[in-house]
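Biologist: I am new to this structure and would like a close look at a single part. Please choose one pair of side chains, describe the pair in detail, and then work outwards from there.

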Amino acid sequence: MGNRFSGSSKKRLDTVDVTLQQVMIRALDFSIVDFGIPAYGGKRTAEEQNELFCNKASKCDGIDKVSKHQSGKAVDVIAYVNGKYTYDKEYYYMIYAAVMYAASSLGVRIRWGGDWDGDLGLKDQTFNDLCHFEMLD
């Protein structure tokens, strides 16, 4: 599609696992929706994770419950449509399709925050994190 990560998104992506970087770069090539990596979308310190937890933006406190962001095994994205960022669900489903296709083509197991239970979120509707992708062990 010709989409490319901006300089700031690339810097944030560079903080995560190399394999996850490859998946996201390939996904951006496949995606019909442009997307980037927002602030705190890459690797996080325990303090950064705890701040997000305190702001109810994460279920992981960074101390007792560690996020995969802290090990660089997770990344968040933000959709960019018509010249601005959006959180409209429809765009994240399209990004999801591109990420899963890219991961599959590279032989990488990925879980999406909109699909915690493996059934597109039908079991756990309490916390859908459509921006979040993480590598499975």
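Modeller: Arg44 and Asp76 form a salt bridge, with their closest N and O atoms 2.7 Å apart. A salt bridge here is a side-chain nitrogen of Lys or Arg within 4 Å of a carboxyl oxygen of Asp or Glu. Arg44 lies in the loop between strand 1 and helix 3 (46-54), and Asp76 belongs to strand 2 (residues 74-76), so the pair ties together parts that are 32 residues apart in sequence. Helices (H or I, at least four residues) and strands (E, at least two) are DSSP runs, numbered from the N terminus. Both partners are buried: Arg44 has a relative accessible area of 8%, and Asp76 has one of 10%. Buried means under 20% relative accessible area, exposed over 50%, and partly exposed in between, with a 1.4 Å probe and protein chains only.

The model is predicted, so local features need pLDDT of at least 70 and side-chain atom pairs count only at pLDDT 80 or more, while totals for chains, interfaces and linings use all residues. Residues are numbered from 1 along each chain as its sequence is written, and side-chain values use heavy atoms, with hydrogens and water left out.

By the rule given above, the count comes to six salt bridges. One of them joins Arg4 to Asp29, with the closest N and O atoms 2.6 Å apart. Arg4 sits in the segment before helix 1 (7-13) and Asp29 in helix 2 (residues 18-30), so this pair ties together parts that are 25 residues apart in sequence. Arg4 is exposed at 59% relative accessibility, whereas Asp29 is partly exposed at 33%. Another salt bridge is formed by the side chains of Lys10 and Asp14, at 2.7 Å from N to O. Lys10 is partly exposed at 33% relative accessibility, and Asp14 is partly exposed at 42%.

The loop that holds Arg44 follows strand 1, which leads to the sheet. The sheet is open and has three strands in the order 1-3-4, with antiparallel pairing. Strand 1 (34-36) and strand 4 (84-86) are the edge strands, each with a single partner, so one side of each has no neighbour in the sheet. Neighbouring strands are turned by 45° against each other on average, direction ignored. Two strands pair if DSSP finds at least two bridges between them. Strand 1 and strand 3 run antiparallel and are joined by three bridges, and Gly36 stands opposite Ile78 in strand 3. Strand 3 (residues 78-81) also pairs with strand 4 in the antiparallel sense over three bridges. Across that pairing, Ala79 stands opposite Thr86 and Val81 stands opposite Lys84. Strand 3 and strand 4 form a hairpin with two residues between them, and Asn82 in the turn has a positive phi of about 50°.

Helix 4 (residues 89-106) lies across strand 1, strand 3 and strand 4, and runs at about 110° to strand 3. Contact means heavy atoms within 4.5 Å. Axes are lines fitted to C-alpha atoms, for helices over the stretch in contact, and angles run from 0 to 180 degrees between N-to-C directions.

Strand 1 and helix 4 also carry aromatic rings that pair with others. Rings of Phe, Tyr and Trp (its six-membered ring) pair if their centres lie within 6.5 Å; planes under 30 degrees apart count as stacked, over 60 as edge-to-face and the rest as tilted. By this rule there are seven aromatic pairs. Phe5 and Phe35 make an edge-to-face pair, 5.7 Å centre to centre with 80° between the planes. Phe5 lies in the segment before helix 1 and Phe35 in strand 1, so the pair ties together parts that are 30 residues apart in sequence. Both Phe5 and Phe35 are buried. The ring centres of Tyr93 and Trp112 are 5.2 Å apart and their planes stand at 80°, so this pair is edge-to-face too. Tyr93 is in helix 4 and Trp112 in strand 5 (residues 110-112), 19 residues apart, so the pair links distant parts of the chain. Tyr93 is partly exposed at 38% relative accessibility, while Trp112 is buried, with a relative accessible area of 1%. Ring pairs link Tyr93, Tyr96, Trp112 and Phe133 into a cluster.
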